[in-house]
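Good morning, everyone, and thank you for making the time. Please have a look at the sequence and the model on the screen, and then I will go through a few places in turn.

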Amino acid sequence: MHIKKAKGAIILDGIINEPDWQAADVADDWYTNYPVDTLRAPFQTEGRFTFDDEFFYVSFVCFDDETPDIVNSLRRDFDYSLNDNVGFAVGPYNDKLNGFFFVITPAGVQMEGTVTGGGTGDDSYSTFWDNKWYSKVVRYEDKWIAELAIPFKSFRYKSNIREWNISMDRWELKRNRKTSWIRTPIQFVSASFPYGGQLVWDDPVPPAKTNISFIPYITANTSTDNEVEPVEQNRGFQTGFDAKIAITPSLNLDLTVNPDFSQVEVDDQIINLTRFEFQFPERRQFFLENSDLFDLAGFPGARPFFSRRIGLAADSSGLFQQVPIAYGARLSGSLSEKWRVNVLNMQTREEASIGLPAQNYTVAALQRNFWAQSNVTLSFVNKQSFGVEPEDSTKFFSDNVFREVQLGDRTELRPNTYNRVVSLDVEMSSKDTKWYHSSFIAKSIDDFNARENLSGLLFGRYSTRTLSIWSGFSFINEFFNAEAGFVPSIRVYPGQYSFFGNAAYQFFPKKESIIRMGPFLSFDHTYIPGGTNTDRSYGLGYQFEFNNASSLEVSYNYVYQRLTNSFNLLDPDEFTGFMEGEEYNWNAASIEYRSNPRKRFFYQISSSYGGFYNGENFNLSGELAYRYQPFGNVALRFDFNDLRLPEAYGQEQLFLFGPRIDLTFTDEVFLTTYVQYNNVLNNINLNARFQWRYQPASDLFVVYTENYLPENFGSKNRALVLKLTYWLNL
């Protein structure tokens with residue numbers, strides 16, 4: 001595709017009759033990618049590009065009939081899979097790895113975000129990058145036309161690079177069809193850069209101008225705690241700001257002072273029946289932008305850095321509390337076509353209520369791209385505590401501030417003032433993405449352990465149209481300690497190494513009702529130092545994808561565990577249940593069904609039944625949802641476990657219900673109400689959030705939350721927060 005500078009004005013009116021649109025190159029003759037990848041698109045799409053000194057313009061002509069569009073919501077950054085849409089991804093660095101995407105629905109709802117790893121995986125697209133851009137969509141009988149105007153200020157690029165990576169695709173949920181500008185095999189992502197093209201600038205890319213955004217906020221809050229005597233009431237007022245400063249056209253400095261995250265969505269509660277810590281997702285936007293260099297370091301069992309360790313900490317009851325953040329800064333972006341960088345520094349304040357001192361977190365990552373879609377990344381993480389003296393163990397009682405040290409025949413608490421991790425990641429992918437390799441090595445550094453402090457991974461994958469095979473080896477030494485990271489097994493195993501793998505085969509039957517189906521097989525073995533096999537599991541299953549957009553998966557699993565610690569499933573504070581050294585093995589069968597999401601009422605249900613340690617468990621979980629298009633969604637999430645163990649271990653029915661009402665009155669006014677009842681916590685939680693986007697990227701939030709006793713709906717505590725933000729471009 002060639003892009004030429006517009007000679008006249010481009011008006012966003014859904015009518016592409018300007019001479020510059022007529023003279024532009026046209027991306028036409030699109031192909032289907034799903035449910036088949038061998039045909040031209042029955043309903044074609046045309047893409048065009050032009051620009052002026054201020055804006056990057058894109059238009060799409062989406063040919064269609066009068067079949068009603070499916071638009072699940074008017075909320076920005078919508079769920080891609082539940083909405084008809086069209087969009088593009090652009091890689092201004094021409095590295096086929098990193099870039100931005102912009103997507104729009106027939107109702108004109110916008111979504112934008114960042115692309116990493118070439119866009120080849122589901123985790124390659126992040127919607128947590130927000131910026132200003134403008135659009136207009138007009139619906140006609142035989143098509144709908146979208147015009148987009150994206151300020152050059154809104155994304156990072158280098159004006160001396162005259163070819164950009166570009167890909168375009170369209171998702172028609174109403175027909176269960178994905179189409180793309182360039183023919184893409186069904187097993188690969190149609191918007192990925194390896195199966196994209198090049199945008200060639202016939203005229204010079206506009207030079208970058210001063211780009212500074214200042215986003216101040218103000219909050220007012222009131223809260224009542226009925227669980228103390230006398231009842232405690234608090235009122236507060238807080239101000240702070242974020243700022244975005246373009247150091248270069250492709251390198252950005254983000255600043256935050258006294259940040260407040262009161263408007264962030266509440267976590268979905270879970271019932272955790274494992275011995276391992278559960279990783280809740282990060283939802284705070286400051287930590288999410290350009291975070292891929294941090295988030296993807298390591299592997300799921302050993303991440304050197306996990307941003308929820310900053311500003312959140314567990315109190316003595318195990319519940320997470322907010323820790324005030326004084327300030328933070330992040331420098332991120334592209335240094336050149338081959339080099340990327342991300343450096344983060346955050347300072348938290350002392351929080352006496354949970355025994356935590358003031359702490360500083362510094363995280364840095366430097367990435368070098370090579371070959372077609374490959375890179376090597378060097379990372380460094382440092383956590384530092386301030387003002388902790390040897391006699392402060394009662395003042396700073398939070399986990400990890402002091403550590404127990406064995407001195408001869410006695411133990412002593414010693415201040416743990418710093419923890420560091422240095423890591424190296426390598427990712428290599430073939431040009432057609434069939435072959436993929438990942439390797440990782442990390443070393444932790446502290447005052448307590450000078451040996452056995454490494455972790456690492458070797459991983460490989462091969463994917464074709466019908467066959468996918470992956471396998472790997474990982475290890476975590478006994479004293480590997482990533483306090484600012486996520487290592488769920490750190491308190492479970494005295495060091496470990498694992499072998500794991502998966503193989504899946506799929507074929508495409510001629511039956512019209514089935515798109516593809518096939519079996520899969522998985523295994524996982526874990527050992528502790530000395531060679532003792534503590535865990536092994538095998539899974540065998542079969543999955544179907546149906547032409548009506550529903551899917552079905554059935555599986556059978558075998559599990560063996562030789563316990564390396566003592567624990568109680570029903571009461572973590574009791575150690576009268578399963579004891580260290582005991583061996584258990586069991587079998588279980590499971591089934592999962594996802595209904596047709598094109599229907600107004602759709603659902604996802606999974607169930608499993610079988611052994612569980614020395615007893616058995618029946619699980620039923622899922623979500624029921626109803627769409628009142630496009631103004632509202634009502635959903636009910638549930639998780640039920642009927643846990644039947646021998647009498648000495650306990651029998652319990654554990655359940656969690658989470659009804660949610662999401663109303664989108666317009667594309668600027670939203671109300672989300674979420675209720676969660678969890679009988680494990682013996683709590684009902686209500687969270688209601690009103691949002692008014694009164695200007696682009698500027699919001700008014702009103703958030704109300706309350707916790708109740710399930711027995712009589714007596715209020716435990718409640719809080720009301722009002723927050724106002726304003727995005728100002730300087």
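In which loop is N449 found? N449 sits in the loop that runs between β26 and β27, the latter covering 454-463. Please keep in mind throughout that what you see is a predicted model. N449 has a relative accessible area of 14%, and because the limit for calling a residue buried is under 20%, N449 counts as buried. If we set aside the neighbours within four places in sequence, N449 is in contact with R403 and F479.

Let me step back to the whole protein before returning to single residues. The protein has 3 helices and 42 strands. Its radius of gyration is 27 Å, close to the 27 Å that the globule rule gives for 730 residues, so the protein is as compact as a globular protein of that length. Along the principal axes, the C-alpha trace spans about 85 × 60 × 55 Å. Of the 730 residues, 51% count as buried, and the accessible surface comes to about 32600 Å², with 56% of that area belonging to carbon and sulfur atoms.

Turning to contacts, if we take those between residues at least 6 apart in sequence, 59% of them join residues that are at least 24 apart. As for charge, there are 67 positive and 89 negative side chains in the protein, and the centres of these two sets lie 6 Å apart.

Now to the aromatic residues. How many aromatic pairs does a search of the whole structure find? The search gives 61 aromatic pairs, and I would like to discuss two of them. In the pair of F55 and Y134, the ring centres are 6.2 Å apart and the planes stand at 75°, so this pair is edge-to-face, given that planes over 60 degrees apart fall into that class. F55 belongs to strand β4, residues 55-63, and Y134 to strand β9, residues 134-139, so the pair ties together parts that are 79 residues apart in sequence. As to exposure, F55 is partly exposed, with a relative accessible area of 23%, and Y134 also counts as partly exposed, at 35% relative accessibility.

The second pair is formed by F299 and F440, and it is edge-to-face, with 6.0 Å from centre to centre and 75° between the planes. F299 lies in the loop between α3 (292-295) and β17 (312-314), while F440 lies in strand β26, residues 435-445, so this pair ties together parts that are 141 residues apart in sequence. F299 is buried, with a relative accessible area of 9%, and F440 is buried as well, with a relative accessible area of 5%. Strand β26, which holds F440, is also the strand that borders the loop of N449, with which I began.

There is, in addition, one aromatic cluster to point out, whose members include F49, F51, F56, W133, W164 and W201.

I will finish with three further residues, beginning with G14. Is G14 buried or exposed? At 0% relative accessibility, G14 counts as buried, and its place is in the loop between β1 (2-5) and α1 (19-23). Not counting residues up to four places away in sequence, G14 touches K136, V138, Y140, I145 and E147. G14 and E141 are 127 residues apart in sequence, and their C-alpha atoms are 14 Å apart in space.

E616 lies in strand β35, residues 615-628, and at 28% relative accessibility it counts as partly exposed. With residues up to four places away left out, E616 touches Y609, G610, G611, D642, L643 and R644. From C-alpha to C-alpha, E616 and W586 are 8.7 Å apart, with their positions 30 residues apart in sequence.

Lastly, A635 has its place in strand β36, residues 632-644, and is buried, with a relative accessible area of 11%. Which residues is A635 in contact with, leaving aside its neighbours within four places in sequence? They are E623, L624, A625, G658, P659 and R660. By contrast, the C-alpha atoms of A635 and S455, which are 180 residues apart along the chain, are separated by 41 Å.

Definitions and conventions:
Residues are numbered from 1 along each chain as its sequence is written. This is a predicted model: local features need pLDDT of at least 70, side-chain atom pairs count only at pLDDT 80 or more; totals for chains, interfaces and linings use all residues. Side-chain values use heavy atoms; hydrogens and water are left out. Helices (H or I, at least four residues) and strands (E, at least two) are DSSP runs, numbered from the N terminus. The radius of gyration is taken over C-alpha atoms; the globule rule is 2.2 Å times the number of residues to the power 0.38. Buried means under 20% relative accessible area, exposed over 50%, partly exposed in between (1.4 Å probe, protein chains only). Contact means heavy atoms within 4.5 Å. Accessible areas come from the Shrake-Rupley method with a 1.4 Å probe; for residues, only the protein chains shown count as cover. Lys and Arg count as positive and Asp and Glu as negative; His and the chain ends are not counted. The place of a charge is taken as NZ of Lys, CZ of Arg, CG of Asp or CD of Glu. Rings of Phe, Tyr and Trp (its six-membered ring) pair if their centres lie within 6.5 Å; planes under 30 degrees apart count as stacked, over 60 as edge-to-face and the rest as tilted.
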